[in-house]
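Me: I have a model open and would like to walk through it with you. Could you take my questions one at a time and show your reasoning?

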Amino acid sequence: MSAFKSEFLRTMSERGFIHQISDETGLDELFAKESVSAYIGFDATAKSLHAGSLIQIMMLHWMQKTGHKPIALMGGGTSMIGDPSFKDEARKLLTPQDIEDNLVGIRRNFEPYLTFGEGPGKATMVNNADWLMTINYVEFLRDVGRHFSVNRMLSFDSVKLRLDREQSLSFLEFNYMILQAYDFVELNKRFGTRLQMGGSDQWGNIVNGIDLGHRMGTPQLYAMTTPLLTSSSGAKMGKTASGAVWLDPDMLSPYDFWQCWRNTEDADVERFLKLYTTLPLAEIAKLAALGGSEINEAKKVLATEITAMLHGRAASEQAAETARKTFEEGSVSDDLPTVTVPQSTLDAGVGILSLFVTAGLAASNGEARRHVQGGAVKVNDRPVSDERLQLTAADLADNGAIKLSLGKKKHVLVRAA
């Protein structure tokens, strides 16, 4: 479809969010004539979402900004099973307490992006445990299960992948797609929800919900998916070599979050500005047109805008200033990530390898050793070539810290406690 009438779908199209829509004309007409309720589901498999979920969160943000009602569906019930889609093996089963602890953290991830409350213009957070945990199994089989064809379910790519590889798919996991489809019907009954959005790997599950709704008498339901994003080099969004890009500041500092986006590949800058910021498209076009080393200025804008949306403008600008001092002035900023070690440890002396592990710059002594051998390690901006180096309180700089550096972009301050 060349041009959407509704502001929401036009925004989604112009900014690169749309991969597939079940009925473009019907959905566009719906958005153009009324306030639409739409949802995205998030399973509670960790205490925080990571940057791989940001594209979905931004869709909900734009929904609210264009006058519609976004619903963030927390998978308190479905997390008891775990989504098997395109996984090689079953997820580790979580306890109800694990799930509740994770939900508390995930709820905080949404607060910077959505305004929650009562009323048509407010976002709603719902937990599918509210209905899934009270289901009568026999009634559910009779009323819902009878609408599902096993033959059709076996044809889904997410299921075929496991079976073609001769990997076990448990009956527990097989039920996940039924419960996810039922969520769509239940949300329509409770909130008048007409659209489910998600990543393109969820297409089969979402269409399943549309089909179930049709069989159970709902109004026409719709599906919309986003492209599965990778960086230009093929790296999966939300993950880096050093771990997940968490949205919780207790799990990843605003500075480290800023740095992840500052390190965006040149070819991804325009795409990420459209998806992850609310900057006007004309401004994005100007930034994307920068060439040579000037593209780094666009990357700083990208990092600052994304970090500001999540952590606030003050924290974002502080992260940018910390990076400027560290990389452009070569000075040590007290706002760099910091770890503390007991004073007695520094008095006695601590090995460079174990200190790098403590600082989170290496996962093991072996990895730290390889960094030293590769010439990537500095202490107080001085290269380190001796993997047996011992650091003591005498290495504390004037600011009372030892600066550990891995390459040009990762720095941690070590202080004595």
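Reply: Gladly! A word on terms before we start: helices here are DSSP runs of H or I with at least four residues, numbered from the N terminus. Please keep in mind that this is a predicted model.

Me: Which residue follows helix 15, and what is the sign of its phi?
Reply: Helix 15 covers residues 295-311. The residue that comes after this helix has a phi near 100°. That residue is Gly 312, and the sign of its phi is positive.

Me: What distance does helix 15 reach from its first C-alpha to its last?
Reply: Helix 15 has 17 residues. At 1.5 Å a residue, the expected value is 24 Å, and the helix comes close to that. The distance it reaches is 24 Å.

Me: Why can helix 15 be called largely enclosed by the rest of the structure?
Reply: A residue counts as buried when its relative accessible area is under 20%. Glu 305 meets that cut-off and is buried, with 18%. Helix 15 is largely enclosed because its buried residues number 13 of the 17.

Me: Which residue forms a salt bridge with Glu 305, and how far apart are the closest N and O atoms?
Reply: In general, side chains of opposite charge can pair when their charged atoms come close. Glu 305 is buried at 18% relative accessible area, while its partner is partly exposed at 39%. The partner is Arg 313, and the closest N and O atoms are 3.0 Å apart.

Me: Which residues are joined into one network by salt bridges that share partners?
Reply: One salt bridge in this network links the side chains of Glu 186 and Lys 189, at 3.5 Å from N to O. These two lie in helix 10 (residues 176-191), three residues apart, which is about one turn of the helix. Shared partners join the network's members, namely Glu 186, Lys 189 and Arg 190.

Me: Is Lys 189 buried or exposed?
Reply: Its salt-bridge partner Glu 186 counts as buried, at 5% relative accessibility. Lys 189 has a relative accessible area of 61%, and the cut-off for this class is over 50%. Lys 189 is therefore exposed.

Me: How many residues apart are Asp 211 and Arg 215 in helix 11?
Reply: Asp 211 and Arg 215 form a salt bridge, with 3.0 Å between the closest N and O atoms. Asp 211 is partly exposed at 24%, and Arg 215 is partly exposed at 48%. Their spacing in helix 11 (residues 203-215) is about one turn, that is, four residues.

Me: Which helix gives the most to the largest nonpolar core?
Reply: The largest nonpolar core has 67 residues, and those with the most contacts inside it are Phe 110, Met 197, Trp 261 and Tyr 276. The helix that gives the most to this core supplies eight residues, at positions within 54-65. It is helix 3.

Me: Which residues form a nonpolar patch on the surface?
Reply: One member lies in helix 6 (residues 137-143) and is partly exposed, with a relative accessible area of 41%; this is Leu 141. Together the patch residues have about 340 Å² of accessible area. They are Tyr 137, Leu 141 and Phe 171.

Me: What distance separates the C-alpha atoms of Glu 111 and Leu 310?
Reply: Glu 111 sits in the loop between helix 4 (96-110) and strand 4 (124-127). Along the chain, Glu 111 and Leu 310 are 199 residues apart. Their C-alpha atoms are separated by 8.6 Å.

How values were computed: Residues are numbered from 1 along each chain as its sequence is written. This is a predicted model: local features need pLDDT of at least 70, side-chain atom pairs count only at pLDDT 80 or more; totals for chains, interfaces and linings use all residues. Side-chain values use heavy atoms; hydrogens and water are left out. The expected span of a helix is 1.5 Å times one less than its number of residues. Buried means under 20% relative accessible area, exposed over 50%, partly exposed in between (1.4 Å probe, protein chains only). A salt bridge is a side-chain nitrogen of Lys or Arg within 4 Å of a carboxyl oxygen of Asp or Glu. Patches are made of residues with over 30% relative accessible area and no salt bridge: like charges are joined within 9 Å, nonpolar side chains (Val, Leu, Ile, Met, Phe, Trp, Tyr) within 5 Å. Accessible areas come from the Shrake-Rupley method with a 1.4 Å probe; for residues, only the protein chains shown count as cover. A nonpolar core is a set of buried Ala, Val, Leu, Ile, Met, Phe, Trp, Tyr and Cys residues joined through side-chain atoms within 4.5 Å.
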